[in-house]
Amino acid sequence: MKARAFFETIEEIFLQSLKDELNLTPKPGCVDGHDSGPHADMDYDVFLSSISSLKGYFFEIMMISNTPKSFADTFEAIRPIGMIYERKMYEATSGINTHKGAIFTLGVIACAIGKIYYDNKYLTIDLISEYVKKLCANIFDDFSKEEMQKTNGMRIYKKNAKHSGIRYEAKNGFKTALDAYDFYKEVKDFLRTFVYIVATLDDTTTINRVGESGLNFSKAYAKNVLNSKNFSEDIIAMDKLYTQKNISTGGCADTIELVYFFKRIDDFMVSFMKDFLRAKEARWKIITDAIESYKMPIITLNLNIKGMHKDKYEFAPLYSKAKTLLASYDLVYEDSDAFTAAYLAKSDAITEKKKFVSLEESYEYMRFVDIDVIDRSFAPISRSQLDLPKRTCIVCGEDRFTCMREARHTQEEFNAQLDDALLNLDK
């Protein structure tokens, strides 16, 4: 999937996750689909307006983060975008802070996804967390700035660094949200997961409203509700009590948004892989139909690129260069976006295979290309059938399949070799 389409899809997941959190009801200490909880200045419609104001934010973050820049430089690059959309939020809500926390937390995650895309890695929740840690490694440096000295965040941080809210969570890769997602996968219940978060998170919005004693009360109460045999009744009572006691759980809302997001990303990846396999099956049918129709072997050309995105524009030169080796062959099928094509063979499968093995060994860039020959019985011709040496690993030069099976090399090592091949393509 190309960057724009991929990022547009992920942005919809971000926006839907915000709506999921808003619609979760009853949600003690927060605005939900039933009422405004302890937030007299907010309501459901204000939150919807706020969410609408953020459309485009996550896409912009991912696009600007799709870069070779360092993690520190990338993090600095997204700050102005966050400030712009924070102003848009305030304009949409007439000055009410509805999603300032989400602008930061989900913005950092969008930044991580942009960099993951650039690095051509498979998108996983754990990888997002690792990238967030790298992006936020120096996040507490802000507290050395003069303008931060009298803020609530600084006051709480000085008293207890763990109570530094979203900064602490981000620096630790949103571990609380990851733990909450693990809890969700056990119980399959978002309301119970929200109460679990209330019971475990040192929510700075709660501290700001009702102090340390209020936080301790909130966490203890939530634990009791979580362990209750009458959860559905007790959470309603909890919702009413938190309104009466003016307990806000805004940080918990930011965290359940992440849980919703993680769930939707996992679902997306399952769908992504299914689509990938369906496309692969469709290409194979085109190949077998061509063999039956022409009564000749078929030669296939594919990029041998490790990672999720084999359609990234920077791979195009490799594909175009390899196509020149097949310029004299009749094209049967091509998906130029996926950098894959099929050609009608000119002679028997064995002869064609020997020819293209020789070409694969003759050019450095061909290490990133697979040219296979499918014989008339629909079987690929292997090097071993011809007593030819196996293809070597792109990184170390040893047996390629052993390295793949044992995962001997990192994506970074592979990318370094790929970058070198692209730089030397015309030499």
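**Notes on the predicted model: helices α11 to α13**

1. Leu 277 sits in helix α13, residues 250-294 (helices are DSSP runs of H or I with at least four residues, strands are E runs of at least two, and both are numbered from the N terminus). Leu 277 is partly exposed at 47% relative accessible area; here buried means under 20%, exposed over 50%, and partly exposed in between, with a 1.4 Å probe and protein chains only.

2. Before going on, some housekeeping. This is a predicted model, with local features needing pLDDT of at least 70 and side-chain atom pairs counting only at pLDDT 80 or more, while totals for chains, interfaces and linings use all residues. Residues are numbered from 1 along each chain as its sequence is written, and side-chain values use heavy atoms, leaving out hydrogens and water.

3. Back to Leu 277: together with Tyr 122, Met 273 and Phe 276, Leu 277 makes a nonpolar surface patch of about 350 Å². Patch members have over 30% relative accessible area and no salt bridge, with nonpolar side chains (Val, Leu, Ile, Met, Phe, Trp, Tyr) joined within 5 Å and like charges within 9 Å. A salt bridge is a Lys or Arg side-chain nitrogen within 4 Å of an Asp or Glu carboxyl oxygen. Areas are Shrake-Rupley with a 1.4 Å probe, and for residues only the protein chains shown count as cover.

4. Helix α11 is the odd one to look at. α11 has 23 residues, yet its end C-alpha atoms are only 21 Å apart, short of the 33 Å for a straight helix at 1.5 Å a residue (expected span is 1.5 Å times one less than the number of residues). There is a bend of about 120 degrees at Val 210, taken as the angle between axes fitted to the seven residues ending there and the seven starting there.

5. Is Lys 219 of α11 buried or exposed? Lys 219 counts as buried, at 17% relative accessibility. Beyond residues up to four places away in sequence, Lys 219 touches Val 198, Ala 199, Thr 200, Leu 201 and Asp 202; contact means heavy atoms within 4.5 Å.

6. Helix α12 (residues 231-244) behaves: its 14 residues should span 20 Å, and the end C-alpha atoms are 20 Å apart, which agrees. Its buried residues include Phe 231, Ile 235 and Met 238, and their cover includes α10 (190-200) and α11. Asn 246, with a positive phi near 60 degrees, follows α12.

7. For the whole protein chain, there are 17 helices and four strands, and 50% of the 427 residues are buried.
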